[in-house]
Amino acid sequence: MITEVVPGGDATHWLIPGFVDIHTHGGGGHTFTTGDPVAARAAAAFHLTHGTTSIIASLVTSPPELMSTATANFRPLVGDGTLAGIHYEGPYLSAIRCGAQNPEFLRDPDLDELAALLKLGGGAVRMVTVAPELPGALAATKMLVDAGIAVAIGHTDATYEQTLAMITAGATVGTHVFNGMRPPHHREPGPVFALLRAPGIVCEFVADGVHLHDGTLSFAAGVTGPERAALITDAMAATGMPDGEYELGGQGVVVADGVARLTRNGSIAGSTLTMDAAFRRAIGAGFSIVDAVRMAATTPAGAVGLHDRGAIEVGRRADFLVLDDNLQVLEVHKGGARVA
């Protein structure tokens with residue numbers, strides 16, 4: 001990352017790597033969760049204008065048929081670079097901590113189902129979120145890790161010990177840490193403390209001021225350091241759109257004042273965050289621009305095996321942004337070509 005002073009002026013432009021969002025459900029009025037490839041292209045294009053040059057399409061808890069259809073439909077989009085991969089946020093999650101996930105389709109990890117999905121994806125699947133306390137969770141983790149796929153711990157009521165067992169089995173990511181998890185307690189630390197302290201775990205943080213207070217973000221990412229903290233959006237279709245009624249995983253969502261909540265119980269239902277806003281929020285919470293860049297690009301890229309991007313270095317893909325002195329996106333370059 002370097003600074004560039006505009007000739008003949010006093011403005012400073014920042015040249016930084018393109019953002020890498022490893023947890024996104026949609027944006028710009030379009031969703032990934034239905035498996036529609038046209039909508040997926042439009043959602044990726046929306047986030048590209050906000051500096052996200054690599055985006056993982058996150059599905060939610062769904063029937064097996066929808067997961068298969070979405071995987072098959074998104075595989076070509078991963079192949080042509082529109083998407084950087086697929087993330088299954090569900091269905092192998094805790095009913096107690098399912099949040100905005102549809103409880104109707106929750107189920108225990110199924111090795112046969114996973115094997116079929118991975119075969120269908122042909123290398124497109126990058127990450128799977130699993131609750132450690134479920135029957136078969138450890139076996140599923142070992143299977144996924146052997147296949148080169150990142151296993152994330154999330155939407156879980158696991159104990160501290162169950163979480164550590166999953167980490168030992170090979171899990172390497174914490175899905176939007178604090179959210180959708182048993183809250184930490186000084187006599188029962190649960191998954192949050194286990195994830196924050198584990199050297200091999202990258203912790204996702206939704207830096208929107210709704211999912212996490214800025215003080216919590218500052219504390220938690222201060223514990224992990226920027227090399228283990230990944231900013232994510234957890235964005236849904238309403239991102240970049242007016243307040244109103246939307247849908248997530250077959251459930252009604254109402255967005256008011258930019259906050260998305262399920263109509264049935266008021267649970268937070270993703271976010272309306274973009275990565276450029278998350279980046280600025282992290283800086284506002286006290287992180288340096290260098291550390292915020294790591295959290296928004298370098299660390300998330302490494303977490304899902306995208307080692308060819310996430311930094312401006314010789315040999316990596318030329319994904320970079322030009323920001324103005326207010327850290328607003330002026331230019332987006334992907335693969336060396338200006339795209340937005």
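**Exercise 1.** Does phenylalanine 178 count as buried, partly exposed or exposed?

Solution. Start with the scale: buried means under 20% relative accessible area, exposed over 50%, and partly exposed in between (1.4 Å probe, protein chains only). Phenylalanine 178 has 23% relative accessibility, so this residue counts as partly exposed. Next, place the residue: phenylalanine 178 lies in the loop between β10 (173-174) and α6. Helices (H or I, at least four residues) and strands (E, at least two) are DSSP runs, numbered from the N terminus. Last, look at the backbone: phi of phenylalanine 178 is near 90°, a positive value in a residue other than glycine.

The model is predicted: local features need pLDDT of at least 70, side-chain atom pairs count only at pLDDT 80 or more, and totals for chains, interfaces and linings use all residues. Residues are numbered from 1 along each chain as its sequence is written, and side-chain values use heavy atoms, with hydrogens and water left out.

**Exercise 2.** Describe histidine 155 by its place, its burial and its phi.

Solution. Histidine 155 sits in the loop between β9 (150-153) and α5 (160-169). Its relative accessibility is 5%, so histidine 155 counts as buried. Its phi is near 45°, which is positive in a residue other than glycine.

**Exercise 3.** Which residues of helix α7 are buried, and what covers them?

Solution. Step one is to list them: in α7 (residues 214-224), the buried residues are Leu217, Ala220, Ala221 and Thr224. Step two is to find their side: they cover an arc of only 90° around the axis, which puts them on the same side of α7. The arc is that of the directions from the helix axis to the C-beta atoms. An α-helix has 3.6 residues a turn, so residues three or four places apart point the same way. Step three is the other face: turned away from the buried side, it carries the exposed residues Phe219 and Gly222. Step four is the cover, which includes α6 (190-197), β11 (202-206), β12 (229-232), α8 (275-284) and α9 (289-303). Just after α7, glycine 225 has a positive phi of about 80°.

**Exercise 4.** Treat helix α5 in the same manner: where are its buried residues, and what do they pack against?

Solution. The buried residues of α5 are Thr163, Met166, Ile167 and Ala169. Their arc around the axis is only 160°, which puts them on the same side of α5. Glu161 and Thr168 are exposed, on the face turned away from the buried side. The buried residues pack against β8 (125-130), α4 (137-146), β9 and α6. Glycine 170 follows α5, and its phi is positive, near 130°.

**Exercise 5.** Place proline 226 and list its contacts beyond its neighbours within four places in sequence.

Solution. Proline 226 is in the loop between α7 and β12. With a relative accessible area of 12%, proline 226 is buried. Contact means heavy atoms within 4.5 Å. Leaving aside neighbours within four places in sequence, proline 226 is in contact with Ala221, Asp291, Arg294, Met295 and Thr299. Ala221 is also one of the buried residues of α7.

**Exercise 6.** Set out the same points for threonine 52 and methionine 241.

Solution. Threonine 52 is in strand β6 (residues 52-60) and is buried, with a relative accessible area of 2%. Apart from neighbours within four places in sequence, threonine 52 is in contact with Phe19, Asp21, His47 and Met275. Methionine 241 lies in the loop between β12 and β13 (244-248) and counts as partly exposed at 37% relative accessibility. With neighbours within four places again left aside, methionine 241 is in contact with Gly28, Gly29 and Tyr246.

**Exercise 7.** Which peptide bond is cis, from glycine 90 to which residue?

Solution. The bond runs from glycine 90 to proline 91 and has omega near 20°. Proline 91 is in the loop between β7 (85-89) and α3 (111-121).

**Exercise 8.** How does the radius of gyration of the chain agree with that of a compact globule?

Solution. The radius of gyration is taken over C-alpha atoms, and the globule rule is 2.2 Å times the number of residues to the power 0.38. For 340 residues, a compact globule would have a value near 20 Å; the chain has 19 Å, which agrees. Buried residues make up 54% of the 340 residues. The chain has nine helices and 18 strands.
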